Amino acid sequence: AAGAAAPDSAAAAGAACGDSLEWLCWPLGSKKFLAEHWEKKPLHLKRQRPAYYGEVFSKAALDKHLAEGTPLGYEDRLNISRFDEKTGKKVVLNLGPRGTKVCPKDANSAWASGASLQVMHPQQFHEPVWRLLTNLERSFGSLFGANAYMTPGGRQGFAPHFDDVEVFMLQVEGAKRWRLYEPPAGEEFPLPREYSRDFEQAELGEPVLDVLLEAGDMLYLPRGYIHQGIAAEDAGFSHHLTVSTYMKTAWCQLMERALSSAVEKAAAESEEFREGLPLGFLRYMGSWHDKTDVPENGGSAAVGAPSSGSTSAGIAAPRAAFIRRFQGLLKRLQEFVDLDEVCDEMGIEFMHERLPPAPASAGLGGGSAASAVEGVTLDARVRWIDASAQRAMLSTDPETSEPTVMLFHSRDNERDGHMSGAALADAEAEVGCLRFEAAVFLPALRALLALPAGASLRCGGLPLQDAD
């Protein structure tokens, strides 16, 4: 891999010309990354190519957005802070409540005094980051977020902590020294479900990784690894772009959805699940009546252990029957699990919350929407501009009860609210969707959806079931 050619800066600016995962993991390769590092252990890729990320984002770009009046509000898109070494805490230096527009003079003054700048969701207003995240969401099939962190040389921006997402740190400018730690005992690790508190230095043991991240390098952190970074003194300042993914995309979250839905279906379809619990079940169920913690061979009973009277056959028998009944119902519950339905729900949510397709880079093809639809004839050819921007689902029309193909899409999604909480909280917002009568359009849609990337079909050759 060391001798492989590096992507040029145009491709790097958005990973637009190829597989974004390959670009992200170069020169290691995606197969080795997924097999050895994904959700397993950190990875530092030292590339010695300062321009690897092209012009994806920069301190100069941020300064330009501020000067030109791009709406950057405190807490929404920009935070100013410093790390207090004496207290070990982050000190927020924002000069106004949430949403207050940041004044360029205030940001420049704070930066000159040694404060750190956290730019949140730059994909909302900076096109190269938008393009990068669009391609990453396409490659991974999951939401991606981004934050940029700019810290003056020799300074630490944040207290040590771990994240609940898979993190890729792209060192865009300058350099930063990173120390990674496993969390102290008592924390959920590996693969925690929640973001951590800030840790004190005394709680951290020996680092599992201690590296200098320089421009063009990448550092991957599986969720759960504590990270602590200090900008290199001789580099002037450090700027890294963090792109992250896989929040609440674990088997346990899938099972929560699947089992909740299965219980509802089982109760609706089977009388057995609706039957009342046995009369008096509380007399023999509960921790007081559990014999598993009673020591054998004459040892001392644990505090709260049931007495011999409460473990008589008169109580043990109904208790055993209760447990068997529950286990039997639990086994039957599998009959009501519909994994395709649950995954469709997750797919629709992804389509609703992801970025809209980014405009094509210059020289990469595409063309305008107008030119794409002018003069459509039977001899015209049709292809997907971005097949990943839609998700097909088979359903039934609620009014006609006829089979229907639903194409959910991200074409009309709002870029401004991506990953900021607004789109995620707006559960009632309508998801972009096209509906087709399955009896007529299903064969044609299957043919289109089976097309390899870049391939096309003649319009007159689409297998429609109705000649009209």
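This note goes through a predicted model, from the overall chain to its core, one strand residue, a helix pair and the cysteines.

1. Overall make-up. The protein chain has 468 residues, of which 41% are buried. Its secondary structure consists of 12 helices and 15 strands. Counting contacts between residues at least 6 apart in sequence, 80% link residues at least 24 apart.

2. Nonpolar core. The largest nonpolar core contains 46 residues. Within this core, the residues with the most contacts are Phe57, Leu132, Phe168, Leu170, Leu241 and Val243. Helix H6, residues 127-140, supplies the largest share of the core, namely 6 residues.

3. Leu241. What does Leu241 contact once its neighbours within four places in sequence are set aside? The partners are Val56, Pro122, Leu132, Ala146, Asn147, Ala148, Phe168, Met169, Leu170 and Val172. Leu132, Phe168 and Leu170 appear in this list, and these three are also named among the core residues with the most contacts.

4. Val167. This residue lies in strand E6, which spans residues 166-181. Val167 has 2% relative accessibility and therefore counts as buried, the cut-off being under 20%. With residues up to four places away in sequence left out, Val167 touches Leu219, Tyr220, Leu221, Thr242, Val243 and Ser244. One of these partners, Thr242, is 75 residues from Val167 in sequence, yet the C-alpha to C-alpha distance between Val167 and Thr242 is 6.7 Å. Val243, another partner of Val167, is one of the core residues listed in point 2.

5. Helices H7 and H9. The axes of H7 (residues 251-269) and H9 (residues 339-353) come within 10 Å of each other and cross at roughly 125°. H7 is therefore oblique to H9, because that angle falls outside both the 65 to 115 range for roughly perpendicular and the over 145 range for roughly antiparallel. The crossing of the two helices is right-handed. On the H7 side, the residues in contact are Leu254, Arg257, Ala258, Ser261 and Lys265. Those on the H9 side are Leu339, Glu341, Val342, Cys343, Glu345, Met346 and Glu349.

6. Cysteines. How many disulfides does a search of the whole structure find? The search finds 0. Are Cys103 and Cys252 buried or partly exposed? Cys103 has 29% relative accessibility and so counts as partly exposed. Cys252, at 34% relative accessibility, also counts as partly exposed. Both values lie between the limits of under 20% for buried and over 50% for exposed.

Terms used. Residues numbered from 1 in each chain as written. Predicted model: local features only at pLDDT ≥ 70, side-chain atom pairs only at ≥ 80, totals over all residues. Heavy atoms only, no water. Core = buried A, V, L, I, M, F, W, Y, C linked by side-chain atoms within 4.5 Å. Buried < 20%, exposed > 50% of the residue type's maximum accessible area, 1.4 Å probe, protein only. Helix = DSSP H or I, 4+ residues; strand = E, 2+ residues; numbered from the N terminus. Contact = heavy atoms within 4.5 Å. Disulfide = S-S within 2.5 Å. Axes fitted to C-alpha atoms, helices over the stretch in contact; angles between N-to-C directions. Parallel < 35°, antiparallel > 145°, perpendicular 65-115°, else oblique. Left-handed = near helix turned anticlockwise from the far one by under 90°.
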